[in-house]
Structure formats: C-alpha cells, structure tokens
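Here is a friendly briefing to read alongside the sequence and the 3D view. Keep both open and follow the points topic by topic.

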Amino acid sequence: MRVSYKNRKVLITGGLGFIGSSLAIHLVREGARVVIVDNSVLGCGANLFNIAPVATDVELIHASIADTSALAEPLRGCEVIFNLAGEISHIHSMAMPERDLEINTLAQIHFLTAVTRSIPGVRVVYAGTRQVYGAPDYLPVDEKHPINPVDFNGVHKYAATMYHLMLSNMGQLDAVVLRMTNVYGPRIALDVPCQGFLGTFIRKVATGQSLEIFGDGRQLRDPVYVDDIVEASLAAGAAGQVRNRSYNAGGPEPLSMADIAAIACNSAGVPEPTFREFPEDRKMIDIGSYYTDSTLIRGDLGWSATVRFQEGFRRTLDYYREHLPHYLDPSNPSPSCKLDLRPTVPTVKKATIVPA
Ligand SMILES: NC(=O)c1ccc[n+]([C@@H]2O[C@H](COP(=O)([O-])OP(=O)(O)OC[C@H]3O[C@@H](n4cnc5c(N)ncnc54)[C@H](O)[C@@H]3O)[C@@H](O)[C@H]2O)c1
C-alpha cells in the first residue's frame, strides 16, 4: 500500500494534456491539493475539457513552466511535482528541431532552476520516454539498453532526463524518471496531428473509419493504458528512497501492429485494417519492434501494468462515445500529419467546463 496524497500539495506540469489531466483527476479524488501549470502549447494535447470532472477543485495556472515569475506561488509548499509538460511528436521534432528544443529542454532548464531554488530536494516524477533507446538492439528493452535516439525528440527528452538525474546526483532534486512506452486511453488528443499512431487509431475508429497500417504490421509495441501510467506515477511520487532513478514503464503484453489495429477495428465495429507502404518521413525515424522490460519498476516500486489492450481500448471507446465532440475540430474533420502549426491546429477547445 503506497503513501496517500491526501491533503498534500502537488504540482502537475502539462496538466491540461492527456496524461497530466488523468493524473490530476486521480489526485483530486484522492484528496490532494492539485495545481496545474500549462500554457496550452499549439500542437500539443492541451484540452480544457480534460479536467472538466475536477475543474472547480484544481488551481490552473495558465503559464509556461519556463516563466519562473509565474511559478513562485505554485511551487510554495509543494511536496511532489509531476513534470509532464512536453511535446511528444517525433515528426514535429524532425521538422522543427528548435521548437522541440525549446519545449523539451530549455523550458525544463528554467523550470528546474526555479524548483531547485524554491523547494530544493523535492521529489519530481519526470515523464521520460522509451524513445531515448532508439531502435532496440534486443527485446524486451531494459534500463541497461544503450541510449541511441533516432530523432530530435528522443535526444531532447534524454537531455531533460539527464537534467533531472544530474540535479538529483547533486542533491538539489529527488527525481524519478519514468521511461514510458506508447500510452493510450481517455483524454488522448484526437485531432492534433503527428502525436503518434494510437490517437489516430482511436479517432478513426471512433468516427467509423477503418485503419491503415504502415508496413507489414508485424512490428511489436506494448501500449500501456493511461490509468496504469497514473498508478506508476503515483508510486514513483510516493516512494521513499528509490534504489534506481530511471524506470521503464511498459504495457502488459507485446502486440503486433496488425493485432493492435484489428482489436481497435473490431471493438468499434469498423472494417478490418488494410496495409500500405511506410511514408518516407516515418520510415526515417521508425524504430522497428519495441517492447518493455518492466522488471525493475516492479521490484522497486511494486508497479506493473494491469489493463490488457482489449479492455483498455474498450474503455477508451466508451469515453469517446460520450465526449467525442470535445475532441474533434469540426473545421478539420480529418487532420493529416502535415507540418503546420498555424492556428488551424486547435489546442484548447472552447468547451465550457461543467463539473461532472
Ligand atoms: N503519450 C505518450 O505515449 C507518451 C509516451 C512517453 C512519454 N510521454 C511524455 O509524457 C508527457 C505528457 O504526454 P501527453 O501524451 O500527456 O502529451 P500532451 O501533448 O497531451 O500533453 C502535454 C502538455 O504539456 C503542455 N506543455 C508543453 N510545454 C509546456 C510548457 N513549457 N509549460 C507548460 N505546459 C507545457 C502542453 O500544453 C500539453 O497540455 C510528455 O512529456 C511526453 O513526452 C508521453
């Protein structure tokens, strides 16, 4: 049984996004005092509707984590930080490396400087990524696997990981990094292009369309349901002294892309998926098969993923059946992965927040 968050002040950066909002809802229900810092970056998954169930229970600071003057009050008395602010798109990172650098590294330097000054030694759970490993040399991938990212996003996320670890080694922070595999579930952005295949799969089948798979569909992935990642984050935030600082957090089972697509299509009752050639821009940064060895986190933090893909996908579809309009932009019914971040790409929906 892990330590409770009841009455504890926690800060969630990126808390309007997919994973951060799921974490916020859980923490509010557990009785924590939740502060969110998010500036709704264009091209990321921020959506005010994500926090609708707890809208009146969280304090929302609409600012960048790089804006240190806006952070003084949110950081005061904060006991745990869940640092999820970031850009996840590999494709965007290749097209706009400076943008990715700014979001995933520079902003983190400003943020961590403010944190170490205000609340030195605080526990920070950083949302790292399996992308830092690049194309696996072996499977399943454990924490000893060489770091060899294949895109700017992986390089920048690794730099930010190292900022956390370096400051922890210096005694200025107490960071735990979770290297997460592909996360899916309610609140994942559906109409933000280039955020990964799972959001696209969900949007397509939830709107009655079938799926296209790039390549032969035999590549493996281990998608992890968002509630499992919330549990991993809570465990990492509440653990006493940790034996290791970086943990892989993967899904409960490796599945081929063909299986993932077939489960998605069957769950939604749409025709079977079809196959097509890999587009060049994807092929360049493709990592082949990947799945996670989560032995270390299971041993140290007692966490392992519990929700199998079929069940997690069913729950996800149930959520979007009820709330789909809040996640689709009517002016852009089939967002393509074009490298265009002009304001045609919505970030914060104009939803009115009604406490659920
Ligand atoms: N979704 C996944 O499969 C996955 C896998 C591995 C790692 N991660 C990491 O988890 C984190 C959250 O991912 P997500 O899927 O919820 O993404 P998301 O795009 O839904 O949410 C990210 C949020 O961060 C906010 N943000 C970005 N820069 C900011 C800044 N400077 N200041 C304040 N807020 C800022 C965005 O506005 C957005 O709301 C990211 O750091 C990502 O790299 C995600």
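Just after helix H6, Gly208 takes a positive phi of about 80°. Please keep in mind that this is a predicted model. The helix itself covers residues 197-206, and eight of its ten residues are buried.

**Helix H6 and its surroundings**
- The buried residues of H6 are Gly199, Thr200, Phe201, Ile202, Arg203, Lys204, Val205 and Ala206.
- Cover for these buried residues comes from elements that include strand E7 (183-184), helix H8 (257-268) and helix H11 (309-323).
- Thr316 is a residue of helix H11, and among the residues it touches is Ile202, one of the buried residues of H6.
- The other contacts of Thr316, leaving out residues up to four places away in sequence, are Tyr184, Gly185 and Pro186.
- Is Thr316 buried or exposed? Thr316 counts as buried because it has 25 C-beta neighbours inside 10 Å, and the cut-off for a buried residue is 20 or more.
- Thr316 and Asp216 are 100 residues apart in sequence, and their C-alpha atoms are 26 Å apart in space.

**The parallel strands**
- Strand E1 (residues 9-13) pairs with strand E4 (residues 80-83) in the parallel sense, over four bridges.
- In this pairing, Val10 stands opposite Val80 of E4.
- E4 also pairs with E5, again in the parallel sense and over four bridges.
- Two bridge partners can be picked out here: Ile81 has Val124 in E5, and Asn83 has Tyr126 in E5.
- E5 and strand E6 run parallel and are joined by seven bridges.
- Val125 has Val176 in E6 as its bridge partner.
- E6 (residues 174-180) pairs in turn with E11, in the parallel sense and over four bridges.
- Met180 has Ala249 in E11 as its bridge partner.

**Which way the strand residues point**
- What lies on the two sides of E4? Val80 and Phe82 are on one side, Ile81 and Asn83 are on the other, and all of them are buried.
- E5 is mostly covered, with seven of its seven residues buried.
- On one face of E5 are Arg123, Val125, Ala127 and Thr129, and on the other are Val124, Tyr126 and Gly128.
- Strand E11 (residues 246-249) points Ser246 and Asn248 one way and Tyr247 and Ala249 the other way, and all of these are buried.

**The nonpolar cores**
- In soluble globular proteins, nonpolar side chains tend to be buried together.
- The largest nonpolar core here has 91 residues, and those with the most contacts inside it are Val10, Ala24 and Val34.
- Apart from this core lies another, of nine residues, among them Val141, Phe152, Tyr158 and Tyr290.
- Leaving aside neighbours within four places in sequence, Val10 is in contact with Tyr5, Leu27, Ala32, Val34, Cys78, Glu79, Val80 and Phe82.
- The contacts of Val10 thus include Val80 and Phe82, which sit on one side of E4.

**Around the ligand**
- How many residues surround the ligand? There are 32, and the closest are Gly14, Gly17, Gly45, Ala46 and Gly86.
- By type, the residues of this shell divide into 18 nonpolar, twelve polar and two charged.
- Helix H1 (18-29), helix H4 (97-118) and strand E5 (123-129) each supply at least two residues of the shell.
- H1 gives the largest share of the shell, three residues.
- E5 therefore appears in two places in this briefing: as a supplier of the ligand shell and as a strand paired with E4, with DSSP finding at least two bridges between paired strands.

**The chain as a whole**
- The protein chain has eleven helices and 13 strands.
- Its radius of gyration is 19 Å, close to the 21 Å that the globule rule gives for 356 residues, so the chain is as compact as a globular protein of that length.
- Along the principal axes, the C-alpha atoms of the chain fill a box of roughly 55 × 45 × 40 Å.
- Of the 356 residues, 50% count as buried.
- Among contacts between residues at least 6 apart in sequence, 82% join residues at least 24 apart.

Definitions and conventions:
Residues numbered from 1 in each chain as written. Predicted model: local features only at pLDDT ≥ 70, side-chain atom pairs only at ≥ 80, totals over all residues. Near = placed C-beta within 6 Å. Nonpolar A, V, L, I, M, F, W, Y, C, P; charged D, E, K, R; others polar. Buried ≥ 20, exposed ≤ 12 C-beta atoms within 10 Å, placed from the backbone. Contact = placed C-beta atoms within 7 Å. Core = buried A, V, L, I, M, F, W, Y, C linked by C-beta atoms within 7 Å. Rg over C-alpha atoms; globule rule 2.2 N^0.38 Å.
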